[in-house]
Amino acid sequence: MKYIFSFYGIIDLFAILPFYLTKAFDLRALRAFRIFRIFRALKLIRYNTAMQRIHIAARLMKEEIVLFLIITGIFTYLTSCGIYFFENEAQSMVFSAIFHSLWWAIVTLTTVGYGDVYLITMGGKIFTFFVLIIGVGIVTVPAGLVSSAVSKAREMQEDREDTEISLKN
């Protein structure tokens, strides 16, 4: 009875309820509730130490990730302004405003480079070289943050397990 009225019990009810209701009624709109099946997977977190480690790592690096996202936003805006300055006169249709230059800045800083917008001025090409160098850092910094946080979380879990073992002895 306790499980039925718990959070996960209600999620399970919402996940299977549309199946049984569609047998009796034509309520196709209730199929949207099937998305709650995804939440059933969250129960696995309690039993998997790797998932617990990722959760600990996310808590450890929360502030760094927020700071990183703020700095990335600033770099994106500055890059949009810079490319607008260099390419507006040569390509006024593509770089008509700083907001329109934002797409190029995001694609270039994330080093995706779709190729849908390309530069024709020498200043724009030189500016892009420096933006690409910064973009490599934007891609690699979160990877370093995540790996160090997961390592720290592993150490914390191992220390906790060692403490529990020594208390049992």
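These are my notebook entries on a predicted model of a single chain.

**Confidence**

I started with how far the predictor trusts its own model. The chain averages a pLDDT of 83, and 85% of the residues score at least 70. Next I went through the elements one by one. Helix α4, residues 62-87, has the highest mean pLDDT, at 92. At the other end sits helix α2, residues 37-40, with the lowest mean, 68. I'll keep that in mind when reading anything about α2.

**Fold**

I looked up the secondary structure and got six helices and zero strands. Along the sequence the pattern reads α-α-α-α-α-α. I also checked burial: of the 169 residues, 24% count as buried.

**Nonpolar patch**

Which residues form a nonpolar patch on the surface? I found V66, L67, I70, I71, I74, F75, Y77, L78 and I134. Together they have about 810 Å² of accessible area. Helix α4 supplies the largest share of this patch, eight residues. So the helix with the highest mean pLDDT is also the main contributor here, by the cut-offs for patches.

I picked Y77 for a closer look, and its place is in helix α4. Buried or exposed, or something in between? Y77 has a relative accessible area of 49%, so I logged it as partly exposed; the exposed class starts over 50%.

**Negative patch**

On the charged side, I noted a surface patch of negative charge made of E155, E158, D159, E161, D162 and E164. I took E164 as my example from this group. E164 belongs to helix α6, which covers residues 122-168. Its relative accessibility is 44%, and therefore E164 counts as partly exposed.

**Contacts far apart in sequence**

Last, I looked at helix α3, residues 49-60, and two pairs that start from it.

How far apart in space are the C-alpha atoms of L60 and A153? I got 8.0 Å, although 93 residues separate L60 and A153 along the chain. L60 lies in α3 and is partly exposed, because its relative accessibility is 36%.

The other pair is I54 and V146, 92 residues apart in sequence and 9.0 Å apart in space, C-alpha to C-alpha. I54 is found in α3 too. With a relative accessible area of 47%, I54 also went down as partly exposed.

Technical notes. Residues numbered from 1 in each chain as written. Predicted model: local features only at pLDDT ≥ 70, side-chain atom pairs only at ≥ 80, totals over all residues. Heavy atoms only, no water. pLDDT = per-residue confidence, 0-100. Helix = DSSP H or I, 4+ residues; strand = E, 2+ residues; numbered from the N terminus. Patch = residues over 30% accessible without salt bridge, like charges linked within 9 Å, V, L, I, M, F, W, Y side chains within 5 Å. Areas by Shrake-Rupley, 256 points an atom, 1.4 Å probe, with all protein chains shown as cover. Salt bridge = Lys/Arg side-chain N within 4 Å of Asp/Glu carboxyl O. Lys, Arg positive; Asp, Glu negative; His and termini not counted. Charge placed at Lys NZ, Arg CZ, Asp CG, Glu CD. Buried < 20%, exposed > 50% of the residue type's maximum accessible area, 1.4 Å probe, protein only.
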